[in-house]
Amino acid sequence: MHAVRLAASRHIASAAVSRRAAVTPRAFHATATADALAKFAMPAMSPTMTEGGISSWKKKEGESFTAGDVLLEIETDKATMDVEAQEDGILAKIIVQDGAKGVPVGKAIAVTAEEGDDLSGADKLAEEAPSEQKEAPKEEKKEEAPPAPKEEPKAEAPKAAEPAPAQEEPSGPRERVFASPIARKIAQEKGIPLAQIKGSGPGGRIIKVDVENYKAPAAAPSAGAPAAAAGAPAPPKPADTEYTDIPLTNMRKVIAQRLSESKQQLPHYYVTSEVELDKLLKLREVFNASAADKSAKLSVNDFIVKAVALALAEVPEANQAWLGDVIRQYKKADISVAVATPNGLITPIIKDAGSKGLAAISAETKALAAKARDGKLKPEEYQGGTFTISNLGMFNVDQFTAIINPPQSCILAVGTAKAKLVLDAASEKGFKEIQTVKLTLSSDHRVVDGAVAARFLQSLSGYLSNPLTFML
């Protein structure tokens, strides 16, 4: 009898553990309580995502959902993505509402429950995270409050003059101004130039009393005005203003950060080649004329994607990435194609482009570009490329240089096709007109040497000027 009871108790305990484990995937970072209420945290939708925005909730408070239902749309650093439920449940409480920006990954954004649970504790659970986050800044402000300059008695001024460490001296090469830390702080807050103050401390050092007793000349008050206004809220914008402040999206913030880092940290250099396109344009015209589906017409960029993949196979040193400790050389060419969207630039990937035909490349590029403009790209569709192409030819741009997208080591900038006169001994006129395009390769000199970049452009030019080699 005792053995039967023991087995039953083990079965019940096992069932309880299984029930809690089933809740965990749905609750992400949640801790299940007795009634299974759990916090639903902002998920990381990509490896680079540190914060996101709530585009819209697809379920309302108190509404039930089943596994696979879309709970909400999240704006990541690259696209707007659906978050699906992993299990059945109820959206008990929404903490972060539609339109919220800069929500850190891991922050509670909702409270979820299971069918039949008591939802009365959802409000209390939802208030925990925000209240904890609001208390921290208040404590920091209290710590910063004591050094207020007006509250300190003048008798304490000599104490501030005692320490005179070398690091407190300004680093300016032209003029060295000696001042105590509290004097510098007060001068900075009030917008007072220390160079105009005569110090009364040891060795002419400026102390707090000197700054407090400083009287600005007649023209000086205007200099202090911006500092005083810095802490005050910005005045309302006039109705007839001539500008509009556009809030930054998460995508735009990430683009700004990464491109700034790339330009500052990567040793860019540029190599340009002019390529004849006459044969390519004629072949394209033949293909498009014979296409049954007019929407499946080939573009010049489709030929360029294919040619780049073939050139990378010939010059694999250009298909490499800088990873800090090693240089990784890729065996396949996953070509990132730059697409302009309302929120910024994004680079969907044509994977293993060298193994695909022109028609397949064209169809895939069109489909990915449409998803990019709608903000519906999946992370695997824009992460992990090995080489990037940026084409501004459709905007009649002759030539430009592009910024490398790390950890890639190269990006190809493509201009527009232009007519050009060249010498031709076989012609009666002695010259002929051809169509050419300028290609500029931006390379990371840590990975790709100049000779490698030149060999890659030479190979690429050969494929583009003789596109029938695609078929071999």
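Here are legends for four close-ups of this predicted model.

**View 1. The open sheet and its strand order.** Four strands make up this open sheet, running β5-β4-β2-β7 with antiparallel pairing. At the edges sit β5 (80-84) and β7 (103-104), each with a pairing partner on one side only. Zoom in on the β2 (residues 51-57) and β4 (residues 70-75) pair and you'll find four bridges in the antiparallel sense. Look for S56 too: its opposite number in β4 is E73.

**View 2. Helix α7 against the sheet.** The helix here, α7 (residues 250-265), packs on the sheet and touches both β2 and β4. Its direction and that of β2 make an angle of about 160°.

**View 3. Inside the largest nonpolar core.** This core counts 80 residues, and those touching the most other members are I109, V308, I335, F387, L412, F456 and L460. Helix α9 (residues 300-314) is the top contributor, giving nine residues. For a feel of the packing, centre on I335: leaving out residues up to four places away in sequence, its contacts are V305, V308, L312, P348, I349, I350, A353, F387 and I389. A separate core of 12 residues lies apart from this one, with I186, L194, I197 and I206 among its members.

**View 4. Helix α8 and what covers it.** With 13 residues, α8 (residues 278-290) reaches 19 Å from first C-alpha to last, close to the expected 18 Å. Its buried residues are D278, L280, L283 and N288. The cover over these buried residues includes β9 (268-276), α9, β19 (431-444) and α11 (450-465).

Note on methods: Residues are numbered from 1 along each chain as its sequence is written. This is a predicted model: local features need pLDDT of at least 70, side-chain atom pairs count only at pLDDT 80 or more; totals for chains, interfaces and linings use all residues. Side-chain values use heavy atoms; hydrogens and water are left out. Two strands pair if DSSP finds at least two bridges between them. Helices (H or I, at least four residues) and strands (E, at least two) are DSSP runs, numbered from the N terminus. Contact means heavy atoms within 4.5 Å. Axes are lines fitted to C-alpha atoms, for helices over the stretch in contact, and angles run from 0 to 180 degrees between N-to-C directions. A nonpolar core is a set of buried Ala, Val, Leu, Ile, Met, Phe, Trp, Tyr and Cys residues joined through side-chain atoms within 4.5 Å. Buried means under 20% relative accessible area, exposed over 50%, partly exposed in between (1.4 Å probe, protein chains only). The expected span of a helix is 1.5 Å times one less than its number of residues.
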